Amino acid sequence: AIAVIAAGLLVSQDRQQAGAIPHTGALSQSELEEELSVWDSVRSAAALLEHGCGEEEKGLCRALEGTGNDEVERVHNYATGETWWFGHLHNESYSSFEMYEGMEAKGFVNVEHVHPEQAEQVVVLQGVVRCTWQERNSFVWHTGLLRRGDWITVPAGVSHALENAAMELLAGEKDNDGTKVEAEFDEEVVMRVRYTPGTNEMKDFFRSLGRLSESSALTWMPGMPGIPDPIHTAMLWSKFPELSRFWWMPTAFQSTWAVIGSFIGGMLGAEL
């Protein structure tokens with residue numbers, strides 16, 4: 001079993017492109033203000049559409065028609081504390097899929113994962129994010145903090161994880177340069193996330209996670225909320241084979257379990 005896992009790790013590392021390391025940077029003040037303006041309009045539209053248009057809101061609802069924001073929806077993951085806003089945010093000019101993601105103070109993407117075919121860009125609009133990623137062809141992991149206006153682009157095939165760093169910082173966590181964090185920050189994180197190349201299947205993927213979080217499907221493993229149980233994991237892999245994988249598990253095993261687990265799930269009446 002150890003040999004199989006080790007072989008799988010090597011295969012997963014080989015799938016990473018040569019020189020495939022994350023790139024980081026920071027927005028200018030004007031770029032950040034523009035991003036925040038778009039985010040504010042998306043968030044307001046989602047809240048308006050979610051609660052419905054009464055007499056007082058009819059004018060605002062009509063103003064949304066045809067802008068793209070008239071299709072924005074919000075999905076919450078009760079297991080991880082994440083919230084996703086998406087809808088008519090598919091950016092055709094970039095052939096990408098865009099959404100906004102919020103994480104509560106204790107919210108996190110709790111397991112390192114890989115997007116086999118997609119690069120992921122994250123722009124932090126609020127709060128502090130800890131990003132962890134794995135060096136190509138090694139077991140070396142790197143970690144760093146992203147603050148408001150910072151961005152990171154993770155190439156396809158690179159293992160990574162994101163988490164809200166608020167609780168660590170409040171407990172006296174040190175910044176990237178080793179100094180103690182003293183600056184004020186928002187405990188809730190908001191990020192604009194872009195996947196390239198994009199696919200609108202991602203809407204169904206995040207909707208499925210939101211629905212699963214309303215049951216025990218994402219809380220079955222003590223201390224590690226957010227990971228679907230084996231049957232629902234297989235069903236997600238079967239329906240969305242190229243969107244997300246575990247970095248440490250052999251690809252062949254994941255593909256095989258997607259078939260077997262989905263069959264078992266169907267027999268048991270499990271749904272996404």
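User: This is a predicted model, so let's start with one residue: is Gly265 buried or exposed, going by its relative accessible area?
Analyst: In this predicted model, the relative accessible area of Gly265 comes out at 0%. The cut-off for buried is under 20%. Because 0% falls below that cut-off, Gly265 counts as buried.

User: Which element holds Gly265, and which of that element's residues are buried?
Analyst: Gly265 lies in helix 7, which runs over residues 251-268. The buried residues there are Gln254, Ala258, Gly261 and Gly265.

User: What does Gly265 touch once its neighbours within four places in sequence are left aside?
Analyst: Met235 is a good one to check, as Gly265 and Met235 sit 30 residues apart in sequence, yet their C-alphas are 7.4 Å apart in space. With those sequence neighbours set aside, the contacts of Gly265 are Ile231, Met235 and Ala270.

User: How far does helix 7 reach from its first C-alpha to its last?
Analyst: Helix 7 has 18 residues, and at 1.5 Å a residue the expected span is 26 Å. The model comes close to that, with a reach of 25 Å.

User: Which residue follows helix 7, and what is its phi?
Analyst: Most residues other than glycine have a negative phi. Here the residue after helix 7 is Gly269, and its phi is positive, near 80°.

User: What covers the buried residues of helix 7?
Analyst: Two elements can be named, one a strand and one a helix. The cover includes strand 13 (245-246) and helix 6 (230-239).

User: How do helix 6 and helix 7 lie relative to each other?
Analyst: Two packed helices are described by the angle between their axes and the distance between the axes. For helix 6 and helix 7, the axes come within 7 Å and cross at roughly 115°. That angle makes helix 6 and helix 7 roughly perpendicular. As for handedness, helix 6 passes helix 7 in a crossing that is left-handed.

User: Which residues make that contact between helix 6 and helix 7, and how do they divide into nonpolar, polar and charged?
Analyst: From helix 6 come Pro230, Ile231, Ala234, Met235, Trp237 and Ser238. Helix 7 brings Gln254, Trp257, Ala258, Gly261, Ser262, Ile264 and Gly265. Sorted by type, the residues of this contact are eight nonpolar, five polar and no charged.

User: Why is helix 6 largely enclosed by the rest of the structure?
Analyst: The buried residues of helix 6 are Ile231, His232, Thr233, Ala234, Met235, Leu236 and Trp237. Their cover includes helix 5 (201-212), strand 13 and helix 7. Helix 6 is largely enclosed because its buried residues number seven of the ten.

User: And helix 5: which strands help cover its buried residues?
Analyst: Helix 5 has twelve residues and reaches 17 Å, close to the expected 16 Å. Its buried residues include Met202, Phe205, Phe206 and Leu209. Besides helix 6, the cover includes strand 2 (73-77), strand 3 (82-86), strand 5 (96-103) and strand 12.

User: Which residues are joined by a cis peptide bond?
Analyst: Most peptide bonds are trans. One spot to look at is the loop between strand 12 (189-196) and helix 5, where Pro197 sits. With omega about -5°, the cis bond joins Thr196 and Pro197.

User: Stepping back, what share of the chain's contacts with a separation of 6 or more comes from residues 24 or more positions apart?
Analyst: The chain has seven helices and 13 strands, and buried residues make up 46% of its 272 residues. For those contacts, the share from residues 24 or more positions apart is 71%.

Conventions: Residues numbered from 1 in each chain as written. Predicted model: local features only at pLDDT ≥ 70, side-chain atom pairs only at ≥ 80, totals over all residues. Heavy atoms only, no water. Helix = DSSP H or I, 4+ residues; strand = E, 2+ residues; numbered from the N terminus. Expected span 1.5 Å × (residues − 1). Buried < 20%, exposed > 50% of the residue type's maximum accessible area, 1.4 Å probe, protein only. Contact = heavy atoms within 4.5 Å. Axes fitted to C-alpha atoms, helices over the stretch in contact; angles between N-to-C directions. Parallel < 35°, antiparallel > 145°, perpendicular 65-115°, else oblique. Left-handed = near helix turned anticlockwise from the far one by under 90°. Nonpolar A, V, L, I, M, F, W, Y, C, P; charged D, E, K, R; others polar.
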